[in-house]
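Hi,

Here is the structure I promised to pass on. Have a look at it first, and then read my notes below.

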Amino acid sequence: MLVPVFTLKLNHKILPRMVAVGKYDGTHPCLTAATQAGKVFIHNPHARGQRIGANRLVPSSQDADISLLNINEAVSCLTAGQLNPDLGCDSLLIGTRTSLLAYDVHNNADLFYAGVPDGANTIVLGTLGDISSPLAIIGGNCSLQGFNHEGKDLFWTVTGDNVRSLALCDFDGDGKKELLVGSEDFDIRVFKEDEIVTEMSETETVTALTPMCSSHFGYALSNGTVGIYNRTARYWRIKSKNQAMSIHAYDINSDGVCELITGWSSGKVDARSDRTGEVIFKDNFASSIAGIVQGDYRKDGNTELICCSVDGEVRGYLPASQEMKGKLMDTSVDQDLIRELSQKKQNLLLELRNYEENTKQVELNTQVNEMDGQRGVIPANTQLQTALSVNLGSDSESAHVELCISTSNDTIIRAVLIFAEGIFEGESHVIHPSLQNLSSRIKIPLTPPKDVPVELNIKAFVGYKNSMQFHVFELSRQLPRFSMYILSSPDSAPGPLSFVRFTISERVQTVIMWLKQNFLLPEDMAIHNESFEVCFTSLRDAGQLCIKMKPSGEISINTDNIDLAGDIIQSMASFWAIEDLQVEADFPAYFEEMRKALVVVDNSHTFSQKLTADMAEHSNLIRSMLVRAEDSRLMGDMKNMKKRYKDLYYLNRDLQSQYNIRCSNHAELLNNLKAVNQAIQRAGRLRVGRPKTQVIAACREAIKHNDVNALIKIMRVGVTSSLLKKRLTETAVG
């Protein structure tokens, strides 16, 4: 069992997920963490040569080894690392709701201060793709922004929802790092610079990401799930009733492969094998874990795993010695493993005995039917069949997809277990009919909340009504991506005004293949013409969807749901391996909402500047009035003193009211900025490859120039060569 090589008791509370280690003088590692009241502490037991007191950094009154950095805003994220390789030392990066601060701790000086109106929820530092200089990349309100050591904005793009976690990892093995982005819409997106190369859908908000070896990376969700991916394939995952507060990659057992270290809200720290998820080391703290980092904190040439709790307890662990390699867990855990394997052995022996008894009954008993009903023996040719269909529901239930499970003879289904991500609460569902309702057929309603393909893993218990033992059938069934859309007549409702149009070189038969793979269509549906039109109705909101194809290869997607249009285009592009796709799109109602949101954003910026100026003026007036009131008190002029303090009271009340108005204005601004960023991301999802990247970049330029008409035009027609040339010329002139 590993024991800590050092333990610290710091007299400062630590905010969760805001812990870093940095060599701010290029030599000595310093533990850094955010605390309450807009402060960051820096623990440096090795050297006390910082220039303290001249700017932001002040010594702590509670601990001689700690210096406090006053940010005067609530810290939302922080990290440390080499932002400027020429300096030879690490910089401290601190994000807040509205800004990013790069700080030189050793010289007690600001490197740069950048405003980030989209906020900074999380931050990562490193190189990205072909961008030569290291970047401080922050994830905010549906946006990603990267700054170099001079504070220049070298990277910007949008993503689907508020960003909660970031990591840099060589995802595709090309020697260059890609950006992994976890967000509140349950997706893990992989960016190759500003282009999304793949997406993985999870079941909850992605709260943490960490690179492992090669293309492996670890992840954690807000529902207590942690696991490891190898590119798009999930190796393993486990789920806990506690929440994973921090994850980190570290070779704790000296086998040459990093394990996934997880710090939990219960105070537990465990290390799991990156291949199997098996626990190979664990320890417990008295309070929730705040962060896990690593560094040569004792300056002895060994890199320790450093775990910090929210109460300020810090423990450092060294990897196991060669003698302990592979034997980190204590004997009680070994005994638990032996007990678990013994139980598995007993279960397998019992199952084997049941098979043997059933076989004997089949061979020896003449009353086969009676004994079958008693013992659970079913015909050898029994099959379990599944079918998917759409049920429009009734007054008491809403429309849904229906999974029908049946047997091929008179056997009954006693129970069904279904495992499916994102459909059922807890990811599993059990159907156990009463004895009066037993039959050979069971129907299960399914309502996927999102348009993603879902793998249904089914286990069914099959036998007879009087059976004591049941046979377990296991099978999988793929739920199509757009299963929540029912085929309808083109004349059943007015067609949507919004559309997306593009031309492909595929034949109509391949389009039908794509339709049958992604929608629930009749088996006998066949189209032999060179053009066709199919219409669907959404089971969620009764929205209309029409897909048309002309003999020229032009495909039109008519829907008022821009997210659905983007999902269909991305699905088609993946099916036909299309690398670049330009489209023409028009969503009049949605684009008008964007126009209004941009006007509100502009007004909110103007109003915020006015409020800031008024608050600064009021603050100066308060200082002046306070001096006068104190002068009156010292001179014994009680009448004027009371009058001035009364005026101060009213002025302070006005200042508080203005602050509340400013907070409301900021919240409204963030909501509208989120809507604008999501609109840009949605416009990008209507294209594929280079046209997608160009649209996102051109949209940002239009926003910078406050050109609403150009923004809407770019969203509609994409970026033509003439429009791109015009934007580049305007940027150069500006």
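One cut-off to start with: a residue counts as buried under 20% relative accessible area, as exposed over 50%, and as partly exposed in between. Also keep in mind that this is a predicted model.

That cut-off helps straight away with a salt bridge between E150 and K152, whose closest N and O atoms are 3.4 Å apart. K152 has a relative accessibility of 48%, so it counts as partly exposed. E150 is partly exposed as well, at 49%.

Now compare E313 and R315. They also form a salt bridge, with the closest N and O atoms 2.8 Å apart, but here E313 and R315 are both buried.

A third pair is D563 and R682, whose side chains meet in a salt bridge at 2.8 Å, N to O. D563 belongs to helix α4 (residues 562–576) and R682 to helix α6, so this contact ties together parts that are 119 residues apart in sequence. D563 is partly exposed, with a relative accessible area of 33%.

In total the structure holds 35 salt bridges. Some of the charged residues are linked up in a network of salt bridges: D185, D187, R189, E199, K450, R481, D567 and R685.

Next, strand β16, residues 178–183. Is it buried or exposed? Of its 6 residues, 6 are buried, so the strand is largely enclosed by the rest of the structure. E178, L180 and G182 point one way from β16, while L179, V181 and S183 point the other way, and all of them are buried.

β16 has partners too. Strand β15 (residues 163–169) runs antiparallel to β16 and is joined to it by 6 bridges; within that pairing, S165 has G182 as its bridge partner. Strand β17 (residues 187–192) is also antiparallel to β16, with 4 bridges between them, and here L179 is partnered with F191. β16 and β17 make a hairpin with 3 residues in between, and F186 in the turn has a positive phi of about 75°.

There is also an open sheet of 4 strands to look at, in the order β1-β29-β28-β27 with antiparallel pairing. Its edge strands are β1 (6–9) and β27 (289–295), each of which pairs on one side only. From one strand to the next, the twist averages 15°. β27 is joined to the antiparallel strand β28 (residues 304–309) by 6 bridges, and the partner of I289 in β28 is S309.

Finally, the C-terminal helices. UniProt lists residues 690–716 as "domain: BBS2 C-terminal helix bundle", in an unreviewed entry. In the model that stretch is 89% helix and 0% strand, and its end C-alpha atoms are 16 Å apart. Helix α8 (residues 708–717) has V708, A710, L711, I712, I714 and M715 as its buried residues. After α8 comes G718, with a positive phi near 80°.

One residue I'd look at is R687, in the loop between α6 (638–685) and α7 (690–704). R687 is buried yet has no salt bridge, and the nearest side chain of opposite charge, E584, is 8.8 Å away. What does the side chain of R687 reach at 3.2 Å? That would be the backbone oxygen of R716.

Cheers

Technical notes. Residues numbered from 1 in each chain as written. Predicted model: local features only at pLDDT ≥ 70, side-chain atom pairs only at ≥ 80, totals over all residues. Heavy atoms only, no water. Pairing = 2+ DSSP bridges. Helix = DSSP H or I, 4+ residues; strand = E, 2+ residues; numbered from the N terminus. Axes fitted to C-alpha atoms, helices over the stretch in contact; angles between N-to-C directions. UniProt positions renumbered as here; feature names shortened; annotations may be inferred. Buried < 20%, exposed > 50% of the residue type's maximum accessible area, 1.4 Å probe, protein only. Lys, Arg positive; Asp, Glu negative; His and termini not counted. Salt bridge = Lys/Arg side-chain N within 4 Å of Asp/Glu carboxyl O. Polar contact = N/O pair within 3.5 Å; in protein donor to acceptor, adjacent residues only side chain to side chain.
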